[in-house]
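Please open the structure in your viewer and keep the selection tool at hand. This tour moves from a pair of helices to two pockets, one stop at a time.

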Amino acid sequence: MMERLAPNDPRVQYESTSIRGYKYAYIRGEPTTDAAPKGTIVLVHGFPDLSFGWRHQIPFLMSRGYRVIVPDMLGYGRSDAPAALEEYTFKKLSGDINELARKFVGPEGQIILGGHDWGGAVVWRTAMWYPELIKAVFSVCTPYHAPTQGEYHSLQTIIDAGHLRNFAYQLQFEGPEVETRCQGREKVKQFLNSMHGGFGPQREVGFRTEQGIIFENLPKLNRSALLSEEELDHYADQYCLHPAPELHAPLNYYRTRKPNYDDDRVLAEKGVKIDMPALFITALRDSALPPRMSEGMEQYCPQLTRGEVDASHWALTQTGDDVNRQIGDWLNKLEL
Ligand SMILES: O=C(NCCCc1ccccc1)N[C@H]1CC[C@H](OCc2c(F)cccc2F)CC1
């Protein structure tokens, strides 16, 4: 199997462009096969991640004859990180994906669009706002969730009513505590390590979905088995390209529920569905996005293929070869 990308890997190019007045940096990987390029794939990462989060998938997709474009999403890494939460709505991020993609496929072309985590939520909405751009769409971990038809409820109200308990950590992430208490390279590195499942000598953890970050445990944690020291250092370096509070912009993805709800009403009224071919790969041990959350997706995605991996939330790295195999099989069927 191909070796995953290393930080600053010479097999790909590191470029940037201006979108909506913001700098978007991205990885560009070209096909490594002699055959004609099969098309362009755009990959969208989640939280707390980077374009580097797709390091297992990028060489694989290049070897299958695709050009791969992988942005650092707004707020991350080498891209700009505006402070205002309004800049991070699904509708605006969808427009950014459209603009980035069209730089490579032109006004009439199409892409295959893939997402993980928050990137998965973004790709489902991009497929609804820009269906003409999308040849096919896939998401790892994050199921499609329909635009709410009813009235708006805050996450606090929903959780107090006993629903979405697996999203309880988001109540902490919406607030100021995490960005205030995790500033500076060492604390940011400890935060990233905790989110990747690092644990302490008494098996202490630094993050639980029912609770959020357990700050007193962060200094005790050993490095997560999912990341090499070099990889964790790269993440910390990239997050520290932005001034403190380094996590403010990434956490803005948790602060857009109301504006996203307002934008979603237009989609709900139009009865927009995911009509193009779609692949959803669930991670069987993702404590934030358990498999049960994808029940009923077929009614919104008539051309849905389902897959699963025996992984935690970090399925892209933990079961990279299995994820690649399932994406590869699905792509082969698309190209028939
Ligand atoms: O918070 C996220 N990632 C950080 C935590 C990663 C982690 C998990 C478990 C262990 C260690 C680390 N991801 C978000 C991504 C968007 C999701 O919201 C979309 C959505 C809805 F709003 C409603 C219904 C379904 C649906 F998918 C909510 C989780």
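Angles between axes of 65 to 115 degrees count as roughly perpendicular, and this wording will be needed at the first stop of our tour through what is a predicted model.

Begin by selecting residues 90-105, which form helix α2, together with residues 118-129, which form helix α3; the two pack at an angle of about 75°, with their axes 9 Å apart. That angle lies in the range just given, and α2 and α3 are therefore roughly perpendicular to each other. To see where they touch, show the side chains of F90, K91, L93, S94 and I97 on α2, and those of W118, A121, V122, R125, T126 and W129 on α3. The residues of this contact divide into 7 nonpolar, 2 polar and 2 charged.

Next, turn to the largest pocket, which has a volume of about 900 Å³. Select H145, A146, L164, F167 and R257, which lie nearest its centre among the 30 residues of the lining. Helix α3 appears again here, since α3, α5 (169-174) and α10 (257-270) each supply at least two residues of this lining, and the largest share, 4 residues, comes from α10. By type, the lining divides into 18 nonpolar, 8 polar and 4 charged residues.

Finally, move to the second largest pocket, with a volume of about 590 Å³. Of the 28 residues that line this pocket, M195, G197, F207, S287 and W314 are the closest to its centre, while α7 (185-195) and β7 (207-208) are the elements that give two or more residues to the lining. Colouring this lining by type shows 12 nonpolar, 11 polar and 5 charged residues.

Technical notes:
Residues numbered from 1 in each chain as written. Predicted model: local features only at pLDDT ≥ 70, side-chain atom pairs only at ≥ 80, totals over all residues. Heavy atoms only, no water. Axes fitted to C-alpha atoms, helices over the stretch in contact; angles between N-to-C directions. Parallel < 35°, antiparallel > 145°, perpendicular 65-115°, else oblique. Contact = heavy atoms within 4.5 Å. Nonpolar A, V, L, I, M, F, W, Y, C, P; charged D, E, K, R; others polar. 1 Å grid on protein atoms, 1.4 Å probe; cavity = no way out; pocket = protein on both sides within 12 Å on 5 of 7 lines; lining within 4 Å. Points joined across faces, edges and corners; volume = space filled by probe spheres on them.
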